[in-house]
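User: Could you take a close look at one part of this structure for me? I would like to understand one sheet and how its edge is built, and then see how that part sits in the rest of the model.

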Amino acid sequence: MMNTLKIIAVVYLLAFGFLNNANAILPIEKLDGYKGAKGYLVQTKTLPMVDIEVSIDAGDRYDPVGKSGLADMVAALMQYGVRGNNGSLTEAQIADEIADLGANIGLSVSGERAILRIRSLSRKDLRDRAVKLAAAMLSAPTYEAKIVEREKQRAITNLLEAETKPEFVLERRFTKLVYGNYPLGNAPTVKSVAAVSANDLMQFHKQFYRGDRMIISIVGDVDRSQANEIMQTLLQKTSQSGAPIAKLPELQRSPVEPLAQREIQIPFDSQQAHIAMGMTAVTRSNPDYFPLLVGNYILGGGGFVSRLMAEVREKRGLAYSVFSYFSPGKDTGIFQAGLQTKNEQAAMALEVMSSTIAQFIADGPTPSDLIAAKSNLINGYPLRIDNNRKLLDNVSSIAWNDLPLDTMEIWTKQVEAVTLEQVSAAFQKYLAMDRMKIVVLGAKNK
Amino acid sequence: MRSNLLRICFLFLLCVPLSWAASSNPPDTHEFMLSNGLKLIVREDHRAPTVAHMVWYRAGSMDEVNGRTGVAHVLEHMMFKGTNKVKSGEFSRLVAAVGGRENAFTSRDYTAYFQQVEKSKLDKVIELEADRMSNLNFDDAEFLKEIQVVMEERRLRTEDNPSSLLNESLMATAFMTSPYRHPVVGWMNDLQNMKAADARDWYRSWYAPNNATVVISGDVDPKQILKAVEKYYGAIPMHELPVRKPQIEPPQKGIKQVQVKASADNAQLAMAWKVPRLEPGKLDDPEPYALELLTAVLDGYDNARLNRVLVKQEKVVNDVGVGYDMISRGPELFLINASMAKGKTVAQAQTSIRKALEELKQKGILESELKRIKVRILSDQIYKRDSIFGQAMEIGGTEMAGFSWKDIDYMLEKMQTITPEQVQAVAKKYLVDEGLTIAVLDPQARKSEASVEGK
């Protein structure tokens, strides 16, 4: 039903459409810097709401040795007590205030950064109060000892539970294997969380939560001067800079090793075996980002139509979920592929996944693969930017990774420019089967 | 800051007008009925050049019969396995080629399929979706592979997931006759014995325009949409649907308890009470709204009652959650879930939960607690409009439960009129032992040494 000519026509028409619509993509405005922080704004006026994100260069990679989990707790506990202008606010008062405003304030931490997000109605009085509350969290969390103890105990209880789950045990072991001695290799353990003190939280916050380590992204119903005002209110009490922070070690590329050194079996009495395979890869700013993006769509990123999906699920019925992805960031990210299957067929599933990846690295995509991938990515681009939340994700990624401000405007052109040779060359340059780490978790599977 | 804060807070609450959220140009929605019984609902939203297209079939796991649990969901998988015109797997390739995102989902009440595309591609996905409404044609070999995939899905989501196992036992215990007692994915033994013919029978029985609602939201012109929908869906003949037996659950007469042993570190407790749901045609019944608000008073924000008392003050549970959905085709439960804090027992957690509920039943709730929840409901009306996909989901889910999308705003207004006394009254009336089911997860150590480090 689907023939090559038809798809070429689709891509051709679309490219034309996008040239005409280039102006439809909303521009990112750079705000005035404040306290060493950068700020960015996309104005969308159709709904009376605003989304604000503060990214802080204070992710898990800065966890001190033996205290993994510290960065997570520093962020999470900001909502459990702050000193305000005229006295303190308890965790109960903070929660009630957020609820009364009809706002959301969320905190999360990834390997690279801590993120505070506010969603508020754009009406000035409501917005102001949400922003002031967030400002107090960013500048003056109290980390009261009693609350720290309670939250540590909760985190430990959650960890003990997680350690009974196949996906968690697999992921932790795989991460350690790929990152090795790089800080992100050390996931939180019961011991490392227990070692964290209230004073550690205070010190970490003081050291990392400062203007020159923050980026603010705003999307919604505010103009430029209002956005500048938000930024100033957010950072009013935050210090601009502080003591220099030790440089992180370089992440070493996954080395060539014999299989026995790269592959780990974890005995586990679950019904399914869980399998992970991968290695170190690239940063987001890597010039080969687009060939890898397009290539991975074909290999294991493209939902129901990827090669891994076809080989593992469609042709053989071996798994419900099978995937591959790159996770590029400011730092070198990793490439990872995975699946889950009943224990008896783990070896077979691993073989199918490995050979599919190996063949893709060796031979690259076919011309029709490449056309289909570009067709999906280009035609589907509007779906990546069609609401405030998604726009915020984009602005945030662009700002964090130091990408050009016209990244959204030129995205489809960059996809279109990718050639077969570039995809093959990039996969061969960054991935290699004799470097892939493999973890198989499950009941006796040999 | 504190005193100032409280004052502003008070002022704000006084000033919130009810129409506040609905202020800026409310969304334009249109409804059409085709002559073959297919209902079309179009929500115009011109913020971005994209569209969500969904077809909802009023056929979920509650319509399954003995020995064939899971067939609604299995058929959902088979819908991607080819029609008379489109061969297996081709549906997804064609949607991908136009840049679409797609998937499908099955619940107790319905099965739904969706695509999200740039607006000029809408016709293509309508054509594809309409094709598989009446022309599905998969072969037995495809079925035999896909049923394996479904069993892997069950292993992943249920067999190796203690919380899911607990929930499965809870439902099977709480309900004796209602088909809600069966899991949507189906029992493993039923999956092992399912035949391609079972899936085909299901398809022939329930997949008909007169059992379907198409919901389209986004940057569209309703007149053009109607034309396209008539062109592709309009030609499909309607047919008679199987008789649905009411299978009304008889009243419960005392506490039911069930224990589940599964690999876990920590015990879990689930307490579920039989409660009413909102009935179509009885939109003014205050009880379901009061139950929704009770849910939020107990668990709607970080300082809501159960989290405050059980997690933060008494430290008896590690996490607690409350669930209730007043909109559904089948019987509803008011559900409290908790995982124990380290060193605390299920009995201690149950005592604390009961104490918190007792206090609420005796002393009621504060006006300020309720207002807080109502403000959240108002602001969510704005936030939800950020997602055209979310809007289509809300419309579809509401329609499937037997209501009209037009009822959504009325329900939200009705919610604003509920008083603290009404919330207290439903707690007193329904959170009683006669209708209670208790499920406990008894954690078992794994035989393997999961935390062994080293190669």
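Analyst: Happy to. Two strands count as paired if DSSP finds at least two bridges between them. Please keep in mind that this is a predicted model.

With that in hand, let us start at the edge. In chain A, strand S6 (residues 104-109) pairs with strand S7 (residues 114-121) in the antiparallel sense, over six bridges. Four residues make up the hairpin that joins S6(A) to S7(A). Two positions help you find the register on screen: Gly106(A) stands opposite Arg117(A) in S7(A), and Ser108(A) stands opposite Ile115(A) in S7(A).

Now zoom out to the sheet. This hairpin belongs to an open sheet of six strands in chain A, in the order S1-S2-S8-S3-S7-S6, with mixed pairing. S6 and strand S1 (29-30) of chain A are at the edges with a single partner strand each, so one side of each has no neighbour in the sheet. Strands of a sheet pair through backbone hydrogen bonds, in either the parallel or the antiparallel sense.

How far can you trust the chain around it? The average pLDDT of chain A is 93, and 94% of the residues score at least 70. Residues 1-23 of chain A are a stretch to treat separately: there the pLDDT is below 50, and the model gives this stretch 26 contacts beyond near neighbours in sequence.

Next, the nonpolar packing. The largest nonpolar core has 189 residues, and those with the most contacts inside it include Ile275(A), Val312(A) and Met353(A) from chain A, and Leu293(B), Val297(B) and Val423(B) from chain B. Helix H10 (residues 286-299) of chain B gives this core its largest share, eight residues. A second, separate core of 74 residues includes Leu121(A), along with Val42(A), Met137(A) and Tyr383(B). To follow one residue of the largest core, try Met353(A): beyond its neighbours within four places in sequence, its contacts include Ile275(A), Leu308(A), Val312(A) and Ala337(A).

Finally, the two chains together. Their contact takes 67 residues from chain A and 68 residues from chain B. On the side of chain A that touches chain B, there are 26 nonpolar, 25 polar and 16 charged residues.

Chain B also has a contact of its own, between domain 1 (28-232) and domain 2 (256-444). It takes 30 residues from domain 1 of chain B and 27 residues from domain 2 of chain B. On the domain 1 side, helix H6 (162-174) of chain B is one of the elements that supply at least two residues, and H6(B) gives the largest share, eight residues.

Terms used:
Residues are numbered from 1 along each chain as its sequence is written. Chains are lettered from A and ligands numbered from 1 in the order in which they are written. This is a predicted model: local features need pLDDT of at least 70, side-chain atom pairs count only at pLDDT 80 or more; totals for chains, interfaces and linings use all residues. Two residues are in contact if their C-beta atoms, placed from the backbone, lie within 7 Å. Ala, Val, Leu, Ile, Met, Phe, Trp, Tyr, Cys and Pro count as nonpolar, Asp, Glu, Lys and Arg as charged, and the others, Gly among them, as polar. pLDDT is the predictor's confidence in each residue, from 0 to 100. A nonpolar core is a set of buried Ala, Val, Leu, Ile, Met, Phe, Trp, Tyr and Cys residues joined through C-beta atoms within 7 Å. A residue is buried if 20 or more other C-beta atoms lie within 10 Å of its own, exposed if 12 or fewer, and partly exposed in between; C-beta atoms are placed from the backbone. Domain bounds come from an automatic or database domain assignment.
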